[in-house]
Amino acid sequence: MKRAISRITALVVFSVLAGCAGRQQIPESVPPAEPDGPPAPPAVTLPAPIEPQPQRNRIAILLSDDVASYAAIAKQIAQRISENDYKTLNLDGNAKMSASIRSEIKQFEPDRIVAIGLSAAKAGQKYTDTPMVFCQVFNYQDHNLISRNSKGVKFLPPFSLQLEIWKELSPDLRTVGLIIGPKQEELVAEIERAAEQHQVELLIRTVQSDKEALYAFKRLTPQIQGFWLLPDNRVLSPTVLREIISYGSKHGNQTVVFNPQLLSLGAEISFTSIDADVADAVLKVLGNAADNDALFGPPMTPLTTLRAEINPDLSAELGSRASAKLAQYLDKN
Amino acid sequence: MATSSRSREYINRLRKQAAWPVAGRLYAAGYRVLANCGRFGARIAGKLRIAEVAASSGQAGAAAWKRMRPLWPGRSLIGEILALQLCFALFVGSLAIVGLWWTSTWAIEDNLKKWGERWISELDDLGVPLYTAEDEDKYLRIENYINSFPEISFVRYYSSVGEVIFEDFPLQENDQVAYMEPEYLAGLATDSTSEKSFMLESTLNDSPLVRISKPIWTESYLDDGLLGLDLTDEQDVRTELVGFIELGLNFSSYQAQLSRNIVIGSLLGIAFLIILTPVSGIFFRRALKPLSELQDPLKELAKGKTDFSVRTSGHREIVAIADALNTTVSSLNERDKKLWQLANNDSLTGLMNRHKFSEMLIEEIEKVARNNFKSALLFVDLDQFKYVNDTLGHAAGDRLLKQAGEQLKNGIRKKDVVSRFGGDEFTILLSDVKQKDVKVICASLVQDMRDYHFHEDGHTFNIPCSIGVAMIDSNTVSPAELLAHADMACHEAKSRGRNRFEFYQTSGAEMKQMTADVGWSQQIQKALKQDLFVIHYQPIVDVRTGRPTHYEVLLRMRTGPKQLVPPAAFLPAASRFGLMTDVDQWVIRNAMQALAKFRAAGQDLTFTLNISGNIFEDADLYGCIEENLKACHLPPESIILEITEQVAVRNIATAADQIAEISKLGCKFAIDDFGAGYSSYTYLKSLPVDYIKIDGSFIKNLATDLVDKTIVSSISQIAQATHKKTIAEHVPNAATFKVLHELEVDFAQGYYVGKPAARPSPRSIPVPITSPRPRQRKAG
């Protein structure tokens, strides 16, 4: 109940902020929220989506599990390829796929595969001759998901954009800490570039486990003003997740998280991807397929926009000053 | 001080035992030291039972202890209360110390375990770099941490396969503690569901250590766990065993501190007790002082002294005891006074009795001999007492005696004493008096008694008295002799016309006769001592059959070879000189012994024994009869006790009780000389006797005297009516026997029936066959 109230308060505050700006702009590519889907939070939508260009007829959409966010993205994709033949399959968390799923895929004989989530990506990886675009996968390096005909869409919204908004909210932000698991050099490089762009010092610690993450975080805390929590499941556990946010909050550090639920634990800002943006990116990659089923383009296609939510306490603290700045920023975008 | 003196006495005795073993000597020395410390030391020695140690050292020591025990101070109430208080305090103190030790130890262990959990949890965090990251300070952090806590004896980090990757012993102690075995580690790692899977061991290698060990787990979200993040749900996680932590905690410093505190606390407690004990002793003594003060009165009471009273202030319990003691003392005093009066005073007149007077006489004789002065003994006999007693009855006689006693008492000096010597005889002791003054006093007494008139039942009697005087001087030998002299002088006064006094004089025929009486008393005493009395037996026959059924035991005194003296010669002197009870007891004892012999020889005899008023009224006749019956194994019914009519009626209620009590043994009673004295038929109804012996004065002329015949007939009829048997005494001839037969008298005794003889005669008497006895005993 408290969380619901908190969330509603956040939405209201955010709406007020947007109203004060007077020019709330909702991307055209973002469809209105479906009555039966999860409620779409008021979002700060940034760049306009790219029109999807489906290339082939039979597209298998594999969902790792019965998760709302996966389903929402699948729905967005489905809307965009409605003239084509597609099939949505839920793997229920089983990357090895059940016999029935395998049979359905075999019968369907997809020309393209869209995998949403790591389990789906790992399952689609088995169909080596079929081009696959995966999304909502953070640790794609650990599983060799990038290949000639397998490309991905980045999990997180653009770091530069995240940092820009964060800076707007906290202009004094100078030092940001970041803890991440191994084999994330590209991601780290991208973040470093964004930090450099926004003149923020980035202190990055690479850890192996949740214990090490907590250990590193506690030692990093005195040196940073904000902490950027990335969704690396390898080095996060429920306990550590809660403790990091709680510890950072106690020590006056702002924490940026990847899921709005974490705001209730004490995080200040949540940046999440927008389903439509993800769907557009996926279809864009699919549109780059060559005749030999190879996929052109970068291994991981970046997203273009994001959804931001702020902690109600922070909203109250920002007041009209923060709202004006945010509105100005939104105008720019 | 008493204890010390006893101790010294005992030590001196110990010194005399030269053959003592070492233990005994050591004990003696120890006891001497303690005893020299005074009473308190001796008590401590007693409490500590040092003597038992000595006793256990050998038999000689035990013997020493036995010899010493009587010298040991007795138990004291205050001492016991103090000892009890001390024991209670020690018990509570011990309990408190044990409880404190247990609780503190438990609290320390519990607290330390909780701290241990916290420490191991923090060391888990601090040890993270050991497993993953490169951190130059990783060891330093751990060392700094554990150095902050002296309770941490050591810490070890193990890898997941059990290899030690880091260990530190900050105190450089217990570094030999064994590593955890792989099996142990495997057991530790079985539960990965909880971060708090601790294992505790109380001891390690017999050292005061507690080991806490814990597996180190890492967790991570599943592959898609963060995308489907739901904080409201407990999500599945992936776990991985990284290693183990072993933490050694040392309680010894706490336990040592606790022990020190408890020892200090105990010592303070003991010191407090040591201080408190004498203080408590003072308070207890003060509180119980009234009780202690009762000791001396109680000791006096135990010695028989009752001339004290106890103070009754203080606590109510003590007051109650003191009151009870005072009441007891008062009661004892009253009882003593009554007993003294009973023992020394005549119950009728309240004057000093014969026994007490005899004692005073002895004292006076000694005093006279010592101080060379003279005193006088007066023997007073009321001249008309027997007349008054016989005509007006005992009650009147008693009243006369009381008034006469008062009269005599009023006629003497304050320092003189008067006693009722017996019957109508009084004795007066005039102390430190000259003969001329004695004469004045005696003359005054005679005159007073002459002037005195006894009024009773409308009659007035003159009660003159005769007084015999015996002067007491340094030549007086014995009270008996003095009494005899006074008695003889009294007889002299009577013989000279009564109503006068006479001094004892050694000349004159009467005095010689009286001297002879004194000789009889000496003879009787000699006979009792030398067994010079002889028993003769006179048969009593059944008038209907003529056969002897009883034998009256008659006493004779052997005064020379073949020379026997009848009782009439010596019994008056025996009565006068207070020897009757001894004579009676001799008769009872010897008669029963003789009867036992006869019965053992096959003669089934029954004896009648004459007993005097002295033994009947004063001595324990019941005990005497019972004792001799038992000693001789005689059936009680074989003994008939004869008492005279005078004795029986003198105090008829007492006599009836005495007869009834002895009758319960089974003995029979007979009234002797019935008709010669007071002769009231009412007595026959009241007295529970079995036989009536008709006085011989009615029998000797029975055959010719119609009056005697009528009297005897009436006595016989009354006896039949009261279910008593009759015995006729002094039956002189066959004619009398025949009349007795006609008058239905049951038994006959006399010279005609049989003279007294040394042996019971079985001879029968011819029974008149022409005089059928129509009498039929009425039933009931």
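Student: Which residues are exposed on the other side of H16(B)?
Tutor: This is a predicted model, by the way. Look at the side of H16(B) facing away from its buried residues. The exposed ones there are Lys436(B), Val440(B), Ser444(B) and Asp451(B).

Student: And which residues of H16(B) are buried?
Tutor: Buried here takes 20 or more other C-beta atoms within 10 Å of a residue's own. In H16(B), the residues that count as buried are Val438(B), Ile441(B), Cys442(B), Leu445(B), Val446(B) and Met449(B).

Student: Why are they on the same side of H16(B)?
Tutor: An α-helix has 3.6 residues a turn, so residues three or four places apart point the same way. The buried residues of H16(B) end up on the same side because the arc they cover around the axis is only 135°.

Student: What covers the buried residues of H16(B)?
Tutor: Strands and a helix of chain B do part of that job. The cover includes strand E6 (375-382), helix H15 (394-410), strand E8 (425-430), strand E11 (465-472) and strand E12 (501-503) of chain B.

Student: How far apart are the end C-alpha atoms of H16(B)?
Tutor: Helix H16 of chain B runs over residues 435-451, which is 17 residues. At 1.5 Å a residue it should span 24 Å, so we can check the model against that. The two agree, as the end C-alpha atoms are 24 Å apart.

Student: How much of chain B counts as buried?
Tutor: Let's take the whole chain now, with its 27 helices and 21 strands. Out of 780 residues in chain B, the buried share is 32%.

Student: How many residues of chain A are in contact with chain B, and which element gives the largest share of chain B's side?
Tutor: On chain B, 20 residues are in contact with 27 residues of chain A. Helix H7 (128-131) and strand E4 (209-221) of chain B each supply at least two residues of that side. The side of chain B divides into 10 nonpolar, 6 polar and 4 charged residues. So for chain A the count is 27, and the largest share of chain B's side, 4 residues, comes from E4(B).

Student: Over in chain A, which strands are at the edge of the open sheet?
Tutor: The sheet has 6 strands with parallel pairing, in the order E2-E1-E3-E4-E5-E11. An edge strand pairs on one side only, and in chain A that gives strand E2 (85-90) and strand E11 (300-301).

Student: What is the bridge partner of Leu63(A) in E2(A)?
Tutor: Strand E1 (residues 58-63) of chain A runs parallel to E2(A), and 6 bridges join them. For Leu63(A), the partner in E2(A) is Asn90(A).

Definitions and conventions: Residues numbered from 1 in each chain as written. Chains lettered and ligands numbered in written order. Predicted model: local features only at pLDDT ≥ 70, side-chain atom pairs only at ≥ 80, totals over all residues. Contact = placed C-beta atoms within 7 Å. Nonpolar A, V, L, I, M, F, W, Y, C, P; charged D, E, K, R; others polar. Pairing = 2+ DSSP bridges. Expected span 1.5 Å × (residues − 1). Buried ≥ 20, exposed ≤ 12 C-beta atoms within 10 Å, placed from the backbone. Arc of directions from axis to C-beta.
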